[in-house]
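Hi,

Here is the structure I said I would pass along. Have a look at it first, and then read on for what turned up when I went through it.

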Amino acid sequence: MRHRRLPVLLSTCTILFAGLVAAGDGAAQVIRSGPGACKAIAFTFDLCPVREGKGYDAPLIDSLIASRMPATFFLSGRWMATHDAEVRALLAVPFFEIGTHGQVHAHLSALDADRQRAEIQGPVTRLRTEYGNQATLFRPPYGEYDDLTVEVVRSLGLQFVLWNVVSGDPDPRLSRTRMRESIRAAVRNGSIIVFHANGKGPHTRAVVEDLYQDLVVNLGLQPVTVTELLKGCEPERSHDTVERSR
Ligand SMILES: [Zn+2]
């Protein structure tokens, strides 16, 4: 029956192939995970804009800091506009990395190239001008993109970061135990796990603490930032992280 799906497969391959070709210059590859040879994983947290609530999971951030857990955050421009103190707090933590997540959390594939560029560039510009930070990572809102997005991200010199493990943490029907077990079952060497730090995940902090025990302490997987993960194994730094975490 597989041949019936050929047109779909072809179009998927076309996208993948376009990405791989563009990846030749080093910036356009759509990244879902790091090298499988490294016993390292990246915990990542999106900061999508919120309509109500604080929009910031302070207990989660405090917990990450207390365990000295490297983490990568993807900040939307609209979220940054109402969370100046929180942006500064995240930037001040040396083992946190800051990436961007679009200006208004738009569906990028519905936009033309100019509007995609404006959406992607918004928080990059804000980070540079307001905070003196040069972002190098981008994650598209909803994980949605098309060939234009890949090209725009490449032209802006950003790395295009998705994930290969979904926590599903904003889903109120997902229990702490179920989330912990599904993530633990899906994680491999080099995995990038997506969570939210905007307060929309009722169990995010608890699950991250559970996974710290399961994956870091018990399995010996090193938590690293996305940039560190993509650089490959760095035993000295990883070892240091574990020592300090205990
Ligand atoms: Zn988002």
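Let me start with helix 8, residues 204-218: its 15 residues reach 20 Å from the first C-alpha to the last, close to the 21 Å expected at 1.5 Å a residue. Keep in mind throughout that this is a predicted model. Helix 8 also has a kink of about 30 degrees, and Tyr212 is at its centre. Just past the end of helix 8 you'll find Gly220, with a positive phi of about 75 degrees.

Which residues of helix 8 are buried? They are Thr204, Arg205, Val207, Val208, Leu211, Leu215 and Val216. The cover over these buried residues includes strand 2, strand 8 and strand 9, along with helix 2 and helix 7 (176-186).

Strand 2 is the other piece I spent time on. How many of its residues, 40-47, are buried? The count is 8 of the 8, so strand 2 is largely enclosed by the rest of the structure. In a regular strand, side chains alternate between the two faces of the sheet. For strand 2, both faces are covered: one side has Ala40, Ala42, Thr44 and Asp46, the other has Ile41, Phe43, Phe45 and Leu47, and all of these are buried.

Now for the pairing of strand 2:

- Strand 8 (residues 192-196) runs parallel to strand 2 and is joined to it by 5 bridges. Here Ala42 sits opposite Ile192.
- Strand 3 (residues 71-75) is also parallel to strand 2, with 4 bridges between them. Phe45 faces Phe73 across this pair.
- Strand 9 (residues 222-223) pairs with strand 2 in the parallel sense too, over 2 bridges. Gln222 is the bridge partner of Ala40 there.

The link from strand 2 to strand 3 is worth tracing on screen. Together with helix 2 (residues 58-66), the two strands make a right-handed β-α-β unit. Helix 2 is also one of the elements covering the buried residues of helix 8.

Finally, the overall picture. The protein has 10 helices and 9 strands, and 41% of its 246 residues count as buried. Looking at contacts with a separation of 6 or more, 80% are between residues 24 or more positions apart.

If you only have a minute, go to strand 2 and helix 8. Strand 2 has buried residues on both faces, and strand 2 is also part of what covers the buried residues of helix 8.

Cheers

Conventions
Residues are numbered from 1 along each chain as its sequence is written. This is a predicted model: local features need pLDDT of at least 70, side-chain atom pairs count only at pLDDT 80 or more; totals for chains, interfaces and linings use all residues. A residue is buried if 20 or more other C-beta atoms lie within 10 Å of its own, exposed if 12 or fewer, and partly exposed in between; C-beta atoms are placed from the backbone. Two strands pair if DSSP finds at least two bridges between them. A crossover is right-handed if, with the strands pointing away from the viewer, the path from the first strand over the helix to the second runs clockwise. The expected span of a helix is 1.5 Å times one less than its number of residues. The bend at a residue is the angle between axes fitted to the seven residues ending there and the seven starting there. Two residues are in contact if their C-beta atoms, placed from the backbone, lie within 7 Å.
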